[in-house]
Amino acid sequence: EHRAAPLTWRNTVTGSIEQRLAEKGIKMPSVAPAAANYLPFTRRRALITISGQLPRTDDGLIAGTLGNGTSIDRGVAAAQQCAVAILAVLNEAIEG
């Protein structure tokens with residue numbers, strides 16, 4: 001009986017996260033080192049849990065409340081920056 005190899009990120013994702021972002025013109029940020037009681041991620045077997053990520057850019061934190069002085073475009077930029085930060089942490093967790 002032949003059993004398939006277990007699914008892992010390493011054998012299901014084509015190319016590295018950083019490479020795929022670069023193809024879209026997106027630079028992956030560096031992951032901030034763990035501070036105090038905070039860990040950017042934890043891993044248990046094949047499950048990676050990522051802690052909250054903030055929308056940080058080279059200019060600082062994107063902050064505000066939609067509909068209360070913050071535009072939809074700025075909210076979209078903040079969400080995109082959080083997603084890229086999550087991918088950076090995931091890349092670190094996978095690549096080590």
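In this predicted model, Thr42 finds its bridge partner in strand E2, namely Thr49. That pairing belongs to a broader match-up: strand E1 (residues 41–44) and strand E2 (residues 47–50) run antiparallel and are held in register over 4 bridges. The turn of this hairpin is a short affair, with 2 residues between the strands. Arg45 sits in that hairpin with a positive phi near 55°.

Then there is the question of open space. The largest pocket holds about 560 Å³. Its lining counts 21 residues, and those closest to the centre are Pro29, Ser30, Arg56, Gln81 and Ala85. As for where the wall comes from, strand E3 (56–57) and helix H3 are the elements that supply two or more residues to the lining. H3 chips in the largest share, with 5 residues. In terms of chemistry, the lining of this pocket splits into 13 nonpolar, 5 polar and 3 charged residues.

On the outside, a nonpolar patch turns up on the surface, made of Leu66, Ile72 and Val76. Taken together, these three side-chain bearers expose about 290 Å² of accessible area. Leu66 comes from the loop that links strand E4 (60–61) to helix H3 (72–95).

Technical notes. Residues numbered from 1 in each chain as written. Predicted model: local features only at pLDDT ≥ 70, side-chain atom pairs only at ≥ 80, totals over all residues. Heavy atoms only, no water. Patch = residues over 30% accessible without salt bridge, like charges linked within 9 Å, V, L, I, M, F, W, Y side chains within 5 Å. Areas by Shrake-Rupley, 256 points an atom, 1.4 Å probe, with all protein chains shown as cover. Salt bridge = Lys/Arg side-chain N within 4 Å of Asp/Glu carboxyl O. 1 Å grid on protein atoms, 1.4 Å probe; cavity = no way out; pocket = protein on both sides within 12 Å on 5 of 7 lines; lining within 4 Å. Points joined across faces, edges and corners; volume = space filled by probe spheres on them. Nonpolar A, V, L, I, M, F, W, Y, C, P; charged D, E, K, R; others polar. Pairing = 2+ DSSP bridges.
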